[in-house]
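Me: I would like a close look at a single part of this model, followed outward into its surroundings. Please take it step by step and keep to what the coordinates support.

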Amino acid sequence: MTAKSVLLDAQQLLDPALEHTLIIVKPDGFARGLTGEIIRRIESKGYTIKGLKLMVASKELLAEHYRDHKDKPFFPGLVEFMGSGPVVAIIVEGQRVVEGMRNLMGATDPTTAAAGTIRGDLGRAWNTPHMENLVHGSDSADSANREITLWFPEIY
């Protein structure tokens, strides 16, 4: 039996009446075996997984994804870290999903993130030159649309 790819367009995959966001399980989250727990929390919240892919992101993809930070001193380390191992890119769908996922992820700094959040329960400081905080989430609906297009070009 051979695997077959099914390519869908955005109209077949994404409900236009609902909001979408991009969540990325970062290399630290994947390496620690937390992908399943993160997906469990997303689905337990009542959101729907509409796309999922495991990949090692290219420097070009990461540079475009983080283009707003290109002039910041942490940019090179961020791109290096995000390309250092596998990531899981996830399209999540639901009502007010951008805001809901930002709350579910918790504060950027896992040391200060609230208990009950992904970062608060599962993350901690690791004394690394870059922030290892398990997950990325789009910060607005506009960012989500741009990021989903970058990470899932096959659906557009």
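Is β1 largely enclosed by the rest of the structure or open, and why?

Reply: The model is a predicted one, and what follows should be read with that in mind. Strand β1 is largely enclosed by the rest of the structure, because six of its seven residues are buried, where buried stands for a relative accessible area under 20%. The surroundings of the strand can be described through its sheet, the helix across it, the nonpolar core and the polar residues of β4 and the loop after it.

The sheet comes before the rest. It is open and built from four strands in the order β2-β3-β1-β4, with antiparallel pairing. Its edge strands are β2, residues 48-55, and β4, each of which pairs on one side only, and the twist from one strand to the next averages 20 degrees. Strands of a sheet pair through backbone hydrogen bonds, in either a parallel or an antiparallel sense.

Strand β1, residues 19-25, is joined to β3, residues 87-94, by seven bridges in the antiparallel sense. Within this pairing, L22 has I91 as its bridge partner in β3, while the partner of I24 in β3 is A89. Towards β4, which also runs antiparallel to β1, there are three bridges, and here I23 stands opposite G137.

A helix adds to this picture: α6, residues 97-105, lies across β1, β3 and β4, and runs at about 30 degrees to β1.

The nonpolar side of the surroundings involves the same bridge pair, since both L22 and I91 are listed among the residues with the most contacts inside the largest nonpolar core, a set of 20 residues, together with L62, M82, W151, F152 and I155. At least two residues of this core come from each of β1, α4 (59-65), α5 (75-82), β3 and α8, and the largest share, five residues, is supplied by α5. F152 shows how this core meets the sheet: leaving aside residues up to four places away in sequence, F152 touches L22, G51, L52, K53, A89, I90 and I91. Another core, of 18 residues, lies apart from the one just described and includes L34, I39, L122 and V135.

The polar side is seen from β4, the strand in which H136 is placed. An unreviewed UniProt entry lists H136 under "active site", an annotation taken from that record and not derived from the coordinates. H136 counts as buried because its relative accessibility is 12%. Not counting residues up to four places away in sequence, its contacts include L22, I23 and I24, and also H65, R119 and E147. With H65 there is in addition a polar contact between the two side chains, at 3.4 Å.

Beyond the end of β4, S138 is placed in the loop between β4 (135-137) and α8 (141-151). S138 also counts as buried, because its relative accessibility is 0%. Its side chain makes a polar contact of 2.6 Å with the side chain of E147, and another polar contact, of 3.5 Å, joins the side chains of S138 and T21. Among the residues that S138 touches, again without those up to four places away in sequence, are T21, L22, V98 and R102.

Taken together, L22 is a recurring point of reference: L22 is the bridge partner of I91, and L22 is touched by H136, by S138 and by F152.

Terms used. Residues numbered from 1 in each chain as written. Predicted model: local features only at pLDDT ≥ 70, side-chain atom pairs only at ≥ 80, totals over all residues. Heavy atoms only, no water. Buried < 20%, exposed > 50% of the residue type's maximum accessible area, 1.4 Å probe, protein only. Polar contact = N/O pair within 3.5 Å; in protein donor to acceptor, adjacent residues only side chain to side chain. Contact = heavy atoms within 4.5 Å. UniProt positions renumbered as here; feature names shortened; annotations may be inferred. Pairing = 2+ DSSP bridges. Axes fitted to C-alpha atoms, helices over the stretch in contact; angles between N-to-C directions. Core = buried A, V, L, I, M, F, W, Y, C linked by side-chain atoms within 4.5 Å.
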